[in-house]
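This briefing is intended for a structural biologist who has the sequence and the coordinates at hand. Please read the points below alongside the display.

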Amino acid sequence: MPKKTLPKAGAAMFTKQSRPPSANKSGKGILSLDPANPVAVLQADKMAQTDAMVAAMPFNANKASEYGFNSGIAPPQGAVCPASRLVGASTLSEVVTSSKVGTQATAGLNPGNVSLDAVRVDSAGQHLTTNQGVAIADNQNSLKFGVRGPALLEDFILREKITHFDHERIPERIVHARGSGAHGFFECYAPFTQHTKAAPFQEAGKITPVFVRFSTVAGERGSKDTARDVRGFAIKFYTDEGNWDLVGNNMPVFFIQDAIKFPDLIHAVKPEPHNQMPQAASAHDTFWDFASLMPESTHMLMWQMSDRAIPRSYATMQGFGVHSFKLVNAAGESVFCKFHWSPKAGTHSLVWDEAVKISGADPDFHRRDLWDRIESGVFPEWEFGVQVFTEEQAEAFSFDILDATKLIPEELVPVQILGRLVLNRNPDNFFAETEQVAFCTAHVVPGIDFSNDPLLAGRIHSYLDTQISRLGGPNFHELPINAPLAQVHNNQRDGIHRQAIPRGRVSYEPNSLGGGCPFQAGSAQGFVTVPARQKADDIQDKVRSKPEKFADHFTQATLFYNSQTPIEQAHIAAAFRFELSKVTVPAIRERTVAMLRNASVALAQTVAEGLGMPALPDAMPRALEKPETPEVTLSPALSLTFRHGDQGVRARKVALLMANGVAGASLMAVHGALAAAGAVPKLIAPRIGSVKNVEGSPLIADASLENEPGFLFDALVLPDGQEALTALAEDAHTMEFIRDQYRHCKTILVLGTAKALISQAGLPSTLPDGEADPGLIFWSDIKDKKAIKNFVQAIGRHRHFERETDPPGV
Ligand code: HEM
């Protein structure tokens with residue numbers, strides 16, 4: 001149905017001309033009426049036009065279409081009477097203009113839905129003012145009665161400043177409190193109109209602005225970035241047809257199957273209520289007590305104990321919508337789908353010892369990394385894909401697609417790539433943008449719809465509800481970061497901190513006094529819910545229960561574990577060992593191992609040994625003894641090693657150690673090669689400042705051994721030059737630097753005589769199996785360019801896990 005045109009402005013009423021004799025000279029702030037059309041005439045005109053308009057709508061023509069199923073799925077557009085601007089005015093005096101009231105509202109426009117330029121503030125060249133715009137003469141002293149006298153209550157400048165400061169904090173998010181965000185765009189590769197009418201997917205090259213926030217779940221707002229935790233991956237698409245929030249995680253499954261368990265899960269994982277410990281950690285009694293009584297969490301626990309829970313960077317994480325959603329095309333046909341984000345930089349993670357150390361040296365590790373990547377132009381980028389499947393396919397799967405503890409293996413339903421996400425602009429202000437952004441799973445646009453996943457159902461309620469208390473009322477959608485670019489016109493009114501000033505006296509629908517506006521969009525333009533899936537054999541009575549297939553708690557936990565490489569499996573076992581070793585009640589440890597036994601006996605055995613258990617406990621009884629045979633028993637796509645990425649060493653941080661007497665030429669040759677490859681080389685010395693090289697010229701240190709320890713870097717270069725090596729060897733930080741790099745399986749380039757530092761640090765010269773270590777590269781001939789090439793390639797491999805032993809030898 002074509003879009004109806006908006007009512008034209010009534011010409012008769014508004015003129016910007018003649019000043020009546022009573023008006024002041026400037027002509028501002030006066031009622032400006034057409035002399036031929038004095039107020040009484042205007043009022044009569046308004047009344048007559050209003051009556052005619054109302055009379056043109058003798059009854060509610062749409063009423064009959066409110067009944068019956070077919071009307072429900074194809075609602076008509078609302079009735080609109082053409083009305084002049086005169087009848088829609090709140091007040092005849094809207095012709096009065098001033099620099100504050102401006103002019104009249106622009107017909108049909110909500111100026112709150114424009115770019116952030118409208119609210120961005122630049123104070124360059126400006127003097128200080130109060131919040132009322134009064135210039136502040138003295139910002140150093142409060143007002144006192146005499147220079148040594150008491151401060152005066154009269155000091156409105158002091159009181160306004162302190163009062164505002166006193167109220168600077170708002171409640172933090174109840175979960176995902178710690179996070180960082182950035183602006184960017186989504187680009188569509190090719191139209192996907194066969195499956196969805198959602199605006200971002202309608203044509204190749206279509207750009208949709210986005211704001212993305214990454215987060216941890218359990219920690220408070222000031223907690224460390226590198227906690228073992230799930231990462232939030234929330235995207236707000238500012239589409240042409242309204243905001244779409246895809247509020248996902250970096251793991252494709254979840255701990256629980258029904259939203260009614262969410263408060264229990266979060267209470268269990270947050271710091272324990274009696275002593276508020278531990279911060280940002282699941283390694284404590286209440287979490288494992290709960291998890292081991294909820295066997296459906298086993299699959300998610302595998303992900304959470306894997307290296308996925310300690311990403312190297314937000315830019316190296318996958319993202320998932322988790323739930324099954326629906327795509328709906330212009331004909332109203334729908335398919336199910338799962339949403340995927342795949343990082344162009346590949347999936348890379350930290351190792352646990354490194355994550356623990358980073359959390360002390362740089363709690364902002366991921367925040368800083370995201371900021372630095374964008375500032376330096378190495379924009380984080382992901383490909384967006386969907387797994388599309390029909391209801392009939394879903395019925396045949398061995399698992400239930402409404403169960404958020406299950407994924408759909410890519411080998412069963414491949415991921416189709418639809419476009420890319422690029423983050424290319426840091427926020428101007430963390431609070432105004434990243435803190436005030438309000439994501440909500442209920443924010444969908446025409447072309448996207450929900451499945452009946454009971455976890456999703458609870459989320460659709462929860463986010464809007466929580467933001468009312470976090471952001472202080474029902475008008476948080478008007479905060480600039482949350483306002484859509486699509487126009488907002490409705491009859492919602494008032495509430496705390498309302499920004500919009502609606503014109504006219506109509507705030508209900510249907511109406512005839514407002515010419516029917518804003519009118520119901522109808523199915524052609526408006527959001528229409530896809531009729532719910534209703535299997536004929538489903539019992540349709542009210543019930544609190546779950547579908548039978550939800551009771552298979554272990555098949556996909558086994559799939560995930562078996563699909564990991566041996567190193568990844570070892571890390572999962574070590575993570576369970578660490579977490580459970582922090583649990584003080586032995587029976588909780590045993591119950592967890594009994595649960596793990598149903599997923600993998602080998603894993604349970606390793607964990608039991610790691611915890612010093614005398615024997616492997618019996619397997620926990622299963623809720624479903626004979627689950628259906630899975631379609632896929634091995635899914636390589638579930639391993640972190642599956643997506644190596646195509647960005648080589650871009651944004652990788654490399655430490656080049658130096659001290660007075662360093663051989664500058666070879667060191668700077670490496671520096672240049674790294675920078676040329678897109679890496680971030682940093683010169684590190686015993687202290688910051690200038691260092692003299694053997695060539696006699698100074699080199700400026702970017703950081704010191706003390707303020708940027710080794711575990712913050714992806715690779716290490718040890719320099720040549722005897723005097724420098726002696727100085728470095730005398731500083732114990734150097735040895736820690738080298739050992740951490742080695743223990744965390746990173747690449748080390750050893751220039752010339754720096755070999756001595758390797759043996760001094762006690763590093764083995766070969767791998768445990770006697771083979772050469774591909775991550776230990778020695779370079780003595782500056783003319784041999786191959787060594788630098790090898791070094792760059794070796795960094796690109798991310799880690800040299802061949803070196804790893806448990807416990808570590810170094
Ligand atoms: C698949 C399961 C879930 C995923 C992927 C998920 C994801 C997220 C993400 C990414 C955020 C952070 C949003 C931001 O950056 O501002 C968040 C916040 C939140 N989530 Fe969830 N969540 C899940 C389940 C739930 C459930 C079941 C509930 C409640 C029933 C819930 C309630 C909340 C609340 C209240 C917030 C704080 C929102 C705010 O203050 O802005 N989540 N969630």
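The points that follow go from the whole chain to single elements and residues.

The model is predicted. The chain contains 21 helices and 18 strands. Of its 810 residues, 48% are buried.

**Overall dimensions and contacts**

- The C-alpha trace of the chain extends over about 100 × 80 × 55 Å along its principal axes.
- Taking contacts between residues at least 6 apart in sequence, 75% of them link residues at least 24 apart.
- One example of a pair distant in sequence is I539 and V96, which are 443 residues apart along the chain and have C-alpha atoms separated by 64 Å.
- Another pair is Q793 and T747, 46 residues apart along the chain, with 9.6 Å between their C-alpha atoms.

**Iron site and helix α12**

- Y463 is the only protein donor of the iron atom of the ligand, and its OH atom lies at 2.0 Å.
- This donor residue, Y463, belongs to helix α12, which covers residues 454–470.

**Helix α9 and its surroundings**

- Helix α9 runs over residues 365–375, and its buried residues are F365, H366, D369, L370, R373 and I374.
- Viewed down the axis of α9, these buried residues fall within an arc of 155°, so they line one face of the helix.
- The packing partners of the buried α9 residues include three strands with low numbers, β1 (179–188), β2 (207–216) and β3 (231–239).
- The buried residues of α9 also pack against helix α8 (352–361) and strand β9 (416–425).
- G377 follows α9 and has a positive phi, near 85°.

**The pair α6 and α7**

- Helix α6 comprises residues 285–292 and helix α7 comprises residues 298–305; their axes come within 10 Å and cross at roughly 140°.
- The two helices α6 and α7 are therefore oblique to each other, as an angle has to be over 145 degrees to count as roughly antiparallel.
- On the α6 side the contact is made by F287, W288 and A291, and on the α7 side by L301, Q304 and M305.
- By class, this contact of α6 with α7 has 5 nonpolar residues, 1 polar residue and no charged residues.

**The loop between α12 and α13**

- P518 is located in the loop between α12 and α13, and the peptide bond leading to P518 from C517 is cis, with omega near -10°.
- H497 is found in the loop between α12 and α13, where its phi is near 60°, a positive value in a residue other than glycine.
- H497 counts as exposed because its relative accessibility is 59%, and the cut-off for exposed is over 50%.
- I539 is a further residue in the loop between α12 and α13; it is exposed, with a relative accessible area of 72%.

**Helix α13 and Q556**

- Q556 sits in helix α13, which spans residues 555–562.
- Its relative accessibility of 7% means that Q556 counts as buried, since buried requires a value under 20%.
- Leaving aside residues up to four places away in sequence, Q556 touches H299, F399, T405, K406 and L407.

**Backbone features beyond α13**

- A651 lies in the loop between α16 (601–610) and β11 (653–657).
- The phi of A651 is near 75°, which is a positive value in a residue other than glycine.
- A651 is buried, as its relative accessible area is 7%.
- The peptide bond from D806 to P807 is cis, with omega near 0°, and P807 lies in the segment after α21 (786–796).
- As background to these entries, most residues other than glycine have a negative phi, and most peptide bonds are trans.

**Helix α21 and Q793**

- Q793 is placed in helix α21.
- With a relative accessibility of 52%, Q793 counts as exposed, because values over 50% fall in that class.

Methods: Residues numbered from 1 in each chain as written. Predicted model: local features only at pLDDT ≥ 70, side-chain atom pairs only at ≥ 80, totals over all residues. Heavy atoms only, no water. Helix = DSSP H or I, 4+ residues; strand = E, 2+ residues; numbered from the N terminus. Buried < 20%, exposed > 50% of the residue type's maximum accessible area, 1.4 Å probe, protein only. Contact = heavy atoms within 4.5 Å. Donors = N, O, S within 2.8 Å, 3.2 Å for Na, K, Ca; no water. Arc of directions from axis to C-beta. Axes fitted to C-alpha atoms, helices over the stretch in contact; angles between N-to-C directions. Parallel < 35°, antiparallel > 145°, perpendicular 65-115°, else oblique. Nonpolar A, V, L, I, M, F, W, Y, C, P; charged D, E, K, R; others polar.
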